Amino acid sequence: MNKAQEAWIWFLLGVLSSLIPGGVAVFIAYDRGMSFAPLFMFASITIWGGLFWLFPFISGKIRKGKKKVSFDERDQLIHKRAVMAAYVVLWLYFVAACVIPWWLVGPHGSISVNVMPLTLLGGLAIFTFVQNLATLIQYGWRNKDGEK
Amino acid sequence: MNKTQKCAWFNLIVLSTAMGLSAIAIGVLYFIVGLPMRGALGGFGFMGILGLLGLTPILFRKDKGKVQYDERDLTICRKAAVVAYAIFWVLFVAAAMVPFFVLGPDGTVSVTYLCAMVLGGFLTVTLLQSIVTLKEYGWRRKGEKP
């Protein structure tokens, strides 16, 4: 399994472990009102999400000595292409996120500022998702890239 | 000077002209004519000059039988795009978070602000991409064979 596939698995784990309890917390908050349980779940998800980014980093540090070369020119090119694809999709998302509210509420309308950080979070999630997906597509989904 | 450089120069000139004329018009309408700021913002009409950017593919056509785009050009274009989008991302974060901190969680923003964000994002990306492209090639014809 190469580096990109590992990154993809880490990303999926992170998203699933945040989305499932997040969805439950939102459901509880809507159904029974805001109480300790959903607040605790939101706080836990935030802390978990904050710490989760450390796992791939620590994993990479631990296993650094085992592989001789972990990042060559081909990996760099694949990374650049993936970032480029992610930026293109991010741009489309950004335009849609700005124009759709204008279209929905009309030219004289206004929206809550709380939508702005949510837009940002959506952008971050889409960027990471597309980058990982593009990396994985370029490497191949399995070990078919001539790795020993 | 190759096609990419010509396009970058063209973008830079059109953007500078549109932004410069808009700023001058807003300044004249507000300070000299004495219009209120809402009326003076009509000077942004000069941004319509940006429509000339759509002529780039027609003005700089590909010459037949001549290689105009190699790996170096591709690397430069990719680098310019990544730099432009990286800075755009920082500005996007700032534009999304500043109203939240200034107005508080109960505040509202006009949808006009969102449209201004799109225009600002487009200007930032195009401007930075052109500048980085020209910086990477060199601002003049250095190293190119005549």
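**Exercise 1. How many helices and strands make up the secondary structure of chain B?**

Keep in mind that this is a predicted model.

Step 1. Count the elements: chain B comes to five helices and one strand.

Step 2. Put them in sequence order, and chain B reads α-α-α-α-β-α.

Step 3. Check the confidence. Chain B has a mean pLDDT of 86, with 94% of its residues at 70 or more.

**Exercise 2. Work out how the overall dimensions of chain B compare with those of a compact globule.**

Step 1. Start with the rule of thumb: 146 residues packed as a compact globule would give a radius of gyration near 15 Å.

Step 2. Now take the value for the model. Chain B has 19 Å.

Step 3. Look at the box. Along the principal axes, the C-alpha atoms of chain B fill roughly 60 × 40 × 25 Å.

Step 4. Add burial and contacts. Just 16% of the 146 residues of chain B count as buried. Take the contacts in chain B between residues at least 6 apart in sequence, and 78% of them join residues at least 24 apart.

**Exercise 3. Describe the side of chain B that touches chain A, element by element.**

Step 1. Get the head count: chain B puts 22 residues into the contact and chain A puts in 23.

Step 2. Find the contributors. On the side of chain B, the elements giving two or more residues are helix H4 (71–103), strand S1 (108–110) and helix H5 (111–137).

Step 3. Pick the top one: H4(B) gives the most, with eleven residues.

Step 4. Sort by character. That side of chain B splits into 17 nonpolar residues, four polar and one charged.

Step 5. Zoom in on the strands. S1 of chain A (residues 110–112) pairs with S1(B) in the antiparallel sense, over three bridges. Here Ser110(A) stands opposite Ser110(B).

Step 6. Note the predictor's own scores for the complex: an ipTM of 0.75 and a pTM of 0.71.

**Exercise 4. Take helix H5 of chain A and check its span, its buried residues and what follows the helix.**

Step 1. H5(A) covers residues 115–139, which is 25 residues. From first C-alpha to last, H5(A) reaches 36 Å, close to the 36 Å expected at 1.5 Å a residue.

Step 2. List the buried residues of H5(A): Met116(A), Thr119(A), Gly123(A), Gln131(A), Asn132(A), Ala134(A), Thr135(A) and Tyr139(A).

Step 3. Bring in the helix geometry to read that list. With 3.6 residues a turn, an α-helix has residues three or four places apart pointing the same way.

Step 4. Step off the end: Gly140(A) follows H5(A), and its phi is positive, near 100°.

Conventions. Residues are numbered from 1 along each chain as its sequence is written. Chains are lettered from A and ligands numbered from 1 in the order in which they are written. This is a predicted model: local features need pLDDT of at least 70, side-chain atom pairs count only at pLDDT 80 or more; totals for chains, interfaces and linings use all residues. Helices (H or I, at least four residues) and strands (E, at least two) are DSSP runs, numbered from the N terminus. The expected span of a helix is 1.5 Å times one less than its number of residues. A residue is buried if 20 or more other C-beta atoms lie within 10 Å of its own, exposed if 12 or fewer, and partly exposed in between; C-beta atoms are placed from the backbone. pLDDT is the predictor's confidence in each residue, from 0 to 100. Two residues are in contact if their C-beta atoms, placed from the backbone, lie within 7 Å. Ala, Val, Leu, Ile, Met, Phe, Trp, Tyr, Cys and Pro count as nonpolar, Asp, Glu, Lys and Arg as charged, and the others, Gly among them, as polar. Two strands pair if DSSP finds at least two bridges between them. The radius of gyration is taken over C-alpha atoms; the globule rule is 2.2 Å times the number of residues to the power 0.38.
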